[in-house]
There are 2 protein chains.
Amino acid sequence: MKNFIFHNPTKYIFGKDTIKKIGGEIASFGSKKVLLVAGGGSIKKNGVYDTVIDSLKKHGIQWVELWGVRPNPVLSKVKEGIEIAKEENADGVLAVGGGSVIDTAKAIANGVFVDDVWKLFLRKNPLKPTKALPIYVVLTLSATGSEMNGTAVITNEEEKVKWSYRSLTNYPKVSIVDPTVQFSLPQRQTANGGSDSLSHIIESYITGKPTDTTVYFDEGLMRSIIDNIDRLMTDPSDYEARASFAWAATLAFNGLSLTGLGGDWAAHAIEHAISALHPDVAHGTGLAVIQPAVIMYRKKFNPDITERWAMQVWNASSTEEGVEKMREKFVSWGLPVALKALGVTPDEWEEIAVKAIEFRPKNAWGDFSKDDVFEILKLADIE
Amino acid sequence: MKNFIFHNPTKYIFGKDTIKKIGGEIASFGSKKVLLVAGGGSIKKNGVYDTVIDSLKKHGIQWVELWGVRPNPVLSKVKEGIEIAKEENADGVLAVGGGSVIDTAKAIANGVFVDDVWKLFLRKNPLKPTKALPIYVVLTLSATGSEMNGTAVITNEEEKVKWSYRSLTNYPKVSIVDPTVQFSLPQRQTANGGSDSLSHIIESYITGKPTDTTVYFDEGLMRSIIDNIDRLMTDPSDYEARASFAWAATLAFNGLSLTGLGGDWAAHAIEHAISALHPDVAHGTGLAVIQPAVIMYRKKFNPDITERWAMQVWNASSTEEGVEKMREKFVSWGLPVALKALGVTPDEWEEIAVKAIEFRPKNAWGDFSKDDVFEILKLADIE
């Protein structure tokens, strides 16, 4: 096990009928006027918006609104939010939505205190944030874990790069997760959430040793995600499955699943490069294609752990069989597993490799090279 | 899954050579003079004390010392600490030791602000703490999880009761865990830590549903504890095993292992009653006797989960076989599994039942009754 620091101060409120607590929580942390950040309007259809607004009113919290955050959230929307937050003197940012909305809210909350928010995301000599507006979250889509971590991922449309940064200032003060509001999600989004959260665990898991405590509980988390997504594919309104998946998706990326391990992040680096070129590729969909190929590729770096993964998570007797079962599972969830299905053409491989390495120049195995990316893309280039 | 709130703000610093960071961490949280709480002096033999003092000096932190905290820590020592903290104007409490030392430090940190510290522990109408001195921890014995939770357990010697309370004010600001300092522990203490941490998980696990994410996660933790304690029984200086067990013991009782589940706590209630009567019985040793009996007893309340536990944790085909394997494991670690071995005589059962119910009048199954305690004691009364 490597040395680590685990420090996650987010207050996480989970369960049925909990969204109405948001106003009281915001008041208890001292905010009086929040910038409410949201996506395309689904929260108006499923009643979440009304519940949030009622709670804000009840506790005397004022608000202004920023709508239109989309999957693979963009820098221009962040800048728009920063301007509104400054003009309106917001003293908090409230994200009501999924990972894209939360990440936008994080960037806004930090961005109001710096001259150029993109400097926080730079791969070389980034600006270190020292303060941010308090961030509050009502989660409507479990996938990225952003509701309980310090990471924000934003796409710079002009430069066509999708970069992230981590900071203690990015942790939400409070996150409220009511799994019932996810009953109405399209099945494809649930499947993407399953793929994304599995990948968050695997990226670190495959660098571990078979004796690591983190490896043991990561296996429990992976099993739970697989079993509970299976249940949701049959019945999207199964509360127990929805709740178990929601909590697992948070745990998959709140820092726990990687304690004492290293990080590969090859799959995320390559997926970020692909979806920067193909903005319509959802993050979880891209990962469903790339992550199995990465596991296959990493077998030669850490066979003890890939074999253990195959056995413990898939009841398979080899890494190859485990990867095969993972792909069969993704297909049963309606996800693609072949690179072609993402619309990636061979002439893009070079640019993908360059962008992926820019995103993640080093990892647990040392330098992350163009050769690595090409080998992984080859393993994902199946029929 | 039940609704839950998870909020654990402790900064947890883990790994080799980390104790020297304590002075800098205390300074960063603003304390200038701490009450250093410690046990019988083992930290002077293994070098931990010197490392801590060097670090305090380096960062200009003053300190006063309270020595002599013993297993099953007592109220009189807490009161002694409160007096010293007040007289010396300490603005923080630094625990250097195991669970008993940390729990004493927590009670002191809260106790300086109330007229009678025992009122915090009362089972009926306890006083609610609203503030405490900041608590800092250097852990030297992994078992209770107190380094990253809000619980303190103290024995009132006069009233012969061992009671606990939970509060957000009890969470340490910082806990430092360097597994190497545990190489020199007596094997019996390592075994007790294994038993204690398994019990922390099982108390909630056995109330769960087989689909719960926490159930999956808990199974990973239990497996890791069993495998890594096995390794430590062979080689007490195996760093990887020591580190994996230390982190698992923290996770077993930092709130995660019970998210969304209920609580039985029959084993802890009975063990607390026993060790209040027999102060020489270590907590983990008492639990090694009582916990298997509780699992056997709870089979009729929740057979799906006890059968799942037997299969997933012990590769056993029935609850009975799982319990049998658990007892064999404890015996292989040098722990007793028969009630007689604790020195408990049949004429004490009545008093144990009364005290256990006083400690835990209700639990996940409803009222916790004298009949329950007698049934459990019967199942623990083996040869």
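How many salt bridges does the rule find across the interface of chain A and chain B? In this predicted model, the count across that interface is 2. In one salt bridge, A:K209 is joined to B:E240, with 3.6 Å between the closest N and O atoms; this distance falls within the 4 Å allowed by the criterion. Polar contacts between chain A and chain B amount to 22 residue pairs, both residues being at pLDDT 80 or more.

On the side of chain A that touches chain B, the elements giving two or more residues are the strands β1 (4-6) and β2 (11-14) and the helices α7 (213-234) and α8 (239-251) of chain A. The most is given by α7(A), with 11 residues. By residue class, this side of chain A comprises 19 nonpolar, 15 polar and 9 charged residues.

The contact as a whole draws 43 residues from chain A and 43 residues from chain B. About 3,600 Å² is buried between the two chains, and carbon and sulfur atoms give 57% of that area. Within chain A, the residues that lose the most area to chain B are A:M1, A:Y216 and A:W247, which together account for 18% of what that side buries.

Strand pairing also crosses the interface. β2(A) pairs with strand β1 (residues 4-6) of chain B in the antiparallel sense, over 3 bridges. At the residue level, A:Y12 has B:F6 in β1(B) as its bridge partner.

The relation between the copies was then examined by superposition. A turn of 180 degrees with a shift of 0.0 Å along the axis lays chain A on chain B with an RMSD of 0.0 Å. The two copies are therefore related as by a two-fold rotation axis. Among the residues of chain A, A:P9 comes closest to this axis, its C-alpha lying at 2.1 Å. Of the interface residues of chain A, 100% are also interface residues in chain B, so the copies meet through the same surface.

Side chains of opposite charge can pair when their charged atoms come close. Over all chains, the rule gives a count of 36 salt bridges. One pair that meets in a salt bridge is A:D230 and A:K329, at 2.7 Å from N to O. A:D230 belongs to helix α7 of chain A and A:K329 to helix α12 (residues 319-332) of chain A, so this pair ties together parts that are 99 residues apart in sequence. Helix α7 of chain A thus holds A:D230 of this salt bridge and also gives the most residues, 11, to the side of chain A that touches chain B.

Terms used:
Residues numbered from 1 in each chain as written. Chains lettered and ligands numbered in written order. Predicted model: local features only at pLDDT ≥ 70, side-chain atom pairs only at ≥ 80, totals over all residues. Heavy atoms only, no water. Contact = heavy atoms within 4.5 Å. Buried area = accessible area lost by both parts, 1.4 Å probe. Salt bridge = Lys/Arg side-chain N within 4 Å of Asp/Glu carboxyl O. Polar contact = N/O pair within 3.5 Å; in protein donor to acceptor, adjacent residues only side chain to side chain. Helix = DSSP H or I, 4+ residues; strand = E, 2+ residues; numbered from the N terminus. Nonpolar A, V, L, I, M, F, W, Y, C, P; charged D, E, K, R; others polar. Pairing = 2+ DSSP bridges. Least-squares fit on C-alpha atoms with pLDDT ≥ 70 in both.
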